[in-house]
Amino acid sequence: MLTLQKTAVLASLMAVLVLPASCSKEKQSATESSDAPELSAAEPEPTLAWQDRLNLVLYQAELPTEIMQNLETITEKSPFMQELAVILSGDPYLRLLVDKQHALPTQYEPDDLVELSGGAYRVSRKGLILRKAAADALQVMAQAAAADNVILVASSTYRSYAYQAQVYARNVRELGEAAANRESSRPGHSQHQTGLVVDFGSIDDSFAQTDAGMWMQAHASRFGWSLSFPDGYESVTGYRWESWHYRYLGTDLCRFIDTYFEGIQQYALRFIYEWELLNTKIKH
Ligand SMILES: [Zn+2]
């Protein structure tokens with residue numbers, strides 16, 4: 001856990017970062033009317049040392065104590081930072097935080113959707129589509145599963161904003177709003193809209209006990225697929241356990257999650273979100 005002292009330091013850093021523009025203007029005009037020597041008109045951007053930036057991100061990302069303590073020890077030269085750089089240089093949608101608080105860009109629709117063709121896996125109905133990278137990665141994973149005599153079945157994949165609006169409305173009608181919110185997203189907030197998600201098999205709790213469910217649990221991350229809403233993490237992800245819902249993040253990001261974030265996608269995506277937010281907000 002962060003010490004009180006450190007929390008106080010972070011609080012003052014945050015105060016610097018959120019200084020409103022009007023505040024610097026006031027300072028500037030005060031300077032102009034005084035006899036002080038001339039100063040540059042532009043206020044310098046706040047700068048932060050690398051370690052302070054890391055601490056601030058860790059604080060903002062609301063990570064559990066154990067993960068936070070491990071990450072507090074990393075330095076600018078740690079493998080962690082090299083791995084993060086690789087992830088940040090890749091497709092931004094693979095790492096994009098999409099949850100109850102963070103929506104996709106309005107009406108986002110991927111431009112490389114392809115229809116699933118089956119092959120090593122089955123589809124529950126025609127017309128299921130995914131982004132090309134996810135479709136290819138599904139094929140590779142399904143071939144490995146088939147080699148273990150496990151057949152994966154894709155049951156629900158890309159959903160447009162408009163379709164998600166229908167799904168959500170139906171769930172609210174059938175389950176009531178509180179229950180619907182535990183397993184269904186408002187439009188714009190569904191990971192399915194990224195075109196990188198597959199719901200497998202029966203799309204209910206029975207999937208966890210099937211051969212496919214157990215195989216996915218054990219092997220999916222090796223192929224770049226991550227369980228978005230694990231058992232026991234509803235307070236973190238906002239959703240109840242969904243043993244059938246996997247998001248394609250790529251193998252680099254899955255390895256990063258398993259190595260540093262206890263396998264919990266939400267923790268890593270939140271960390272990356274806060275990291276990018278802070279590092280685009282300040283100069284360094
Ligand atoms: Zn799903």
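# Exercises on a predicted model

Strand β2 (residues 122–123) runs parallel to β4, and 2 bridges pair the two strands. The model is predicted. The exercises below start from this pairing.

## Exercise 1: Order the sheet

Work out the order of the strands in the open sheet, and decide which strands stand at its edges.

Solution.

Step 1. Start at β2. Its residue Arg 122 has Val 153 of β4 as bridge partner.

Step 2. Move on from β4. This strand runs antiparallel to β5, with 2 bridges between them. Ala 154 is bridged to Phe 200 of β5. Ser 156 has Asp 199 of β5 as its partner.

Step 3. Cross from β5 to β7. The pairing is antiparallel, over 3 bridges. Asp 199 is bridged to His 245 in β7.

Step 4. Finish with β6. This strand and β7 are antiparallel and share 3 bridges. Ser 226 pairs with Arg 247 of β7.

Step 5. Assemble the chain of partners. The order is β2-β4-β5-β7-β6, an open sheet of 5 strands with mixed pairing. β2 and β6 (225–227) each have a single partner strand, so they are the edges, and one side of each lacks a neighbour in the sheet.

## Exercise 2: Read the two faces of β5

State which way the residues of β5 point, and whether they are buried or exposed.

Solution.

Step 1. Recall the rule. Side chains in a regular strand alternate between the two faces of the sheet.

Step 2. Apply it. Val 197 and Asp 199 point one way from β5, while Val 198 and Phe 200 point the other way.

Step 3. Check burial. All of these residues are buried.

## Exercise 3: Find the inward side of α10

Identify the buried residues of helix α10 (residues 211–219) and say what covers them.

Solution.

Step 1. List the buried residues. They are Ala 212, Gly 213 and Met 216.

Step 2. Place them around the axis. Their arc is only 100°, so they lie on the same side of α10.

Step 3. Look at the cover. It includes the strands β4 (153–156), β5 (197–200) and β7 (245–248).

## Exercise 4: Locate the largest nonpolar core

Determine which residues touch the most other members of the largest nonpolar core, and where this core lies.

Solution.

Step 1. Take the members with the most contacts. The core has 52 residues, and Leu 138, Met 141, Phe 200, Tyr 246, Ala 268 and Phe 271 touch the most other members.

Step 2. Find the main contributor. Helix α7 (residues 132–147) gives the largest share, 7 residues.

Step 3. Compare with the domains. Domain 1 (4–36 + 43–95) and domain 2 (113–263) both supply residues, so the core lies between them.

Step 4. Follow one member. Beyond four places in sequence, Ala 268 is in contact with Phe 256, Ile 257 and Phe 261.

## Exercise 5: Classify Ala 135

Decide whether Ala 135 is buried or exposed, and name its contacts beyond four places in sequence.

Solution.

Step 1. Locate the residue. Ala 135 is in helix α7.

Step 2. Count neighbours. Ala 135 has 24 other C-beta atoms within 10 Å. The cut-off for a buried residue is 20 or more. Ala 135 is therefore buried.

Step 3. List the contacts. They are Val 114, Leu 116 and Leu 130.

Step 4. Add a distance. Ala 135 and Leu 116 are 19 residues apart along the chain, yet their C-alpha atoms are separated by 6.6 Å.

## Exercise 6: Examine two positive phi angles

Find where Ile 203 and Glu 262 lie, and classify their exposure.

Solution.

Step 1. Take Ile 203. Its phi is positive, about 50°, although it is not a glycine. Ile 203 sits in the loop between β5 and α10. With 16 other C-beta atoms within 10 Å, Ile 203 is partly exposed.

Step 2. Take Glu 262. Its phi is about 55°, again positive in a residue that is not a glycine. Glu 262 is in the loop between α12 (251–260) and α13 (265–281). Glu 262 has 15 C-beta neighbours inside 10 Å and is also partly exposed.

## Exercise 7: Judge the confidence

Report the mean pLDDT of the protein, and the residues over which the pLDDT is below 50.

Solution.

Step 1. Take the whole protein. The mean pLDDT is 87, and 83% of the residues reach 70 or more.

Step 2. Turn to the weak stretch. The pLDDT is below 50 over residues 18–39. Beyond near neighbours in sequence, this stretch has 6 contacts in the model.

Note on methods. Residues numbered from 1 in each chain as written. Predicted model: local features only at pLDDT ≥ 70, side-chain atom pairs only at ≥ 80, totals over all residues. Core = buried A, V, L, I, M, F, W, Y, C linked by C-beta atoms within 7 Å. Buried ≥ 20, exposed ≤ 12 C-beta atoms within 10 Å, placed from the backbone. Helix = DSSP H or I, 4+ residues; strand = E, 2+ residues; numbered from the N terminus. Domains from an automatic or database assignment. Contact = placed C-beta atoms within 7 Å. Arc of directions from axis to C-beta. pLDDT = per-residue confidence, 0-100. Pairing = 2+ DSSP bridges.
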